[in-house]
Amino acid sequence: MNVVNLNSARSGSASPCVHLNLNVRGLDTSATLAINEESSALQQAGKTIYRLGLGQSPFPVPDSVVAALQRNAHQKDYLPVRGLQALRSAVADFHSRVNGIERSADDVLIGPGSKELMFILQLVFYGDLVIPAPSWVSYSPQASIIGRQIRRVNTLAENGWRIQAEELEAICLEDPGRPRLLILNYPNNPVGITYSDAELKAIAMVTERYGMLVLSDEIYSELHYEGEHHSIARHYPQGTIISSGLSKWAGAGGWRLGTFLFPRGLRWLLDAMAVVASETFTTVSAPIQYAAIRAFEGGSDITDYLSRSRRILKGLGQSLTGRLRHMGCELADPEGGFYLFPDFSLHRERFAACGIKTSRDLCKQLLDDAGVACLPGTDFGRPATEFTVRMAYVDFDGERALIAADPETEIDEAFLYEYCPNLINAMDRIEVWLDRL
């Protein structure tokens, strides 16, 4: 301790020195949350901002689920760490109904968002994290915080950035007995693609051969545009945990409720996660858990809600993809969720002339000059000098659009201009900006 600190200590005015965990030093706020806060600040300052940054569902929580929350607002008791029994049963029944996977309430763990459950999983499971590049922004930072090794599977744009079984096996062959956790997310954030059943089967053969643990992040499963989502757990049931929740398909991101479905043979892992949960978040909000039962039970109103949501998002995805390709971007056709991952590399020379050298530079200029908020590909694991950008097409009045999207209404350009004008305007702004470079 130097003299100044010693004197401060003697006078009773000393404060703790900076002693951050080395795994936390240098980490920034989650990119998706940071862009959302920056967009809000710019709007409050009077600037017109088109918000394609944070991937928050634009749709309201289904009325019947909101009503269930209102009926259970009085619930105040601590609930079991693993989650309300009736909710865990509803989650197990949901997966049986939509995925054909038979589990019981004892195979389910409820948490305050799937994000928290993913963190605890990486904490209690000792092994390398294996993810594709690109992948969701928080998988890698969570591993860094915990101190896990991170391996990125090589992917290619021409394959829609999908993991190929042979590339996954190449990693496993380096050290066949090494424990690994593969996180497979589909419909995908940031690209919007999904996997065919045949592709999932090929990946499952590799994971089973090397005893790899799989976390199948299926938070967007109910937003598959054709309603034909397949789970890899059907091909590798003994080694796959399915992650879901209410944030994306039920529009309830702020409710913070996530679910993990385990195979019975991984009960040891569920038990360990429950121990950590008991020492951290304790339990998920009681009213939210009671209301979530209604969401997972489904019914005709939920079916109609999902049908309308899918039709709107599919129409938007196709329209915006066409606009971006017209601007010279390369990108995959979206198959679910609400994300696009265009590559603006065709404009590399013009960008260089303007001092735009990285995808982060590109996003900064789009925000400053065009008022369009989006995220650079580097936040998702892509090289900094690759001009990929993630766009979340969620900046519209979801409630108004849902009401209008009855089965007899065509989701055409006229519909999109009427009910999703901010997204159309955002494309206009980007196109004008590119033309002026």
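Two strands are taken as paired where DSSP finds at least two bridges between them, and helices (H or I, at least four residues) and strands (E, at least two) are DSSP runs numbered from the N terminus. The structure is a predicted model, in which local features need pLDDT of at least 70 and side-chain atom pairs count only at pLDDT 80 or more, whereas totals for chains, interfaces and linings use all residues. Residues are numbered from 1 along each chain as its sequence is written, and side-chain values use heavy atoms, with hydrogens and water left out.

On these criteria, β2 (residues 108–111) and β8 (residues 258–261) pair in the antiparallel sense over 4 bridges, with V108 opposite L261 of β8. In a regular strand the side chains alternate between the two faces of the sheet. In β2, V108 and I110 point one way and L109 and G111 the other. All of these residues are buried (buried, under 20% relative accessible area; exposed, over 50%; partly exposed, in between; 1.4 Å probe, protein chains only).

A further sheet is open and contains 3 strands in the order β9-β12-β11, with antiparallel pairing. Because β9 (339–340) and β11 (375–376) each have a single partner strand, they stand at the edges, and one side of each is left without a neighbour in the sheet. Strand β12 (residues 389–392) is joined to β9 by 2 bridges, and M391 of β12 is the bridge partner of L340.

Residue H224 is located in the loop between β6 (213–217) and β7 (240–245) and is buried, at a relative accessible area of 9%. A polar atom of the H224 side chain lies 3.4 Å from the backbone nitrogen of E228. When residues up to four places away in sequence are not counted, H224 touches P187, T194, H229, R310, E335 and G336 (contact, heavy atoms within 4.5 Å).

Of these partners, P187 lies in the loop between β5 and α8 (197–209) and is joined to Y186 by a cis peptide bond, with omega about -15°. The bond from A133 to P134 is also cis, with omega near 15°, and P134 is placed in the loop between β3 (128–132) and α6 (139–146). Most residues other than glycine have a negative phi, and most peptide bonds are trans. Positive phi values occur at W161, near 65°, and at T282, near 70°. W161 lies in the loop between β4 (150–153) and α7 (165–174) and is buried at 10% relative accessibility; T282, in the loop between α9 (267–279) and α10 (286–297), is partly exposed at 32%.

Internal space was analysed on a 1 Å grid over the protein atoms alone: a cavity is a set of points where a 1.4 Å probe fits but cannot get out, a pocket is an open set with protein on both sides within 12 Å along at least five of seven lines, and lining residues have an atom within 4 Å of a point. The structure holds 1 cavity of 30 Å³ or more, and the largest cavity has a volume of about 70 Å³. Its lining comprises 13 residues, with P132, P134, N185, N188 and Y195 nearest the centre; strand β5 (residues 180–185) provides the largest share, 3 residues. The second largest pocket encloses about 560 Å³. Among its 28 lining residues, G55, W136, S247, K248 and R256 are the closest to its centre.

Definitions and conventions:
Polar contact = N/O pair within 3.5 Å; in protein donor to acceptor, adjacent residues only side chain to side chain. Points joined across faces, edges and corners; volume = space filled by probe spheres on them.
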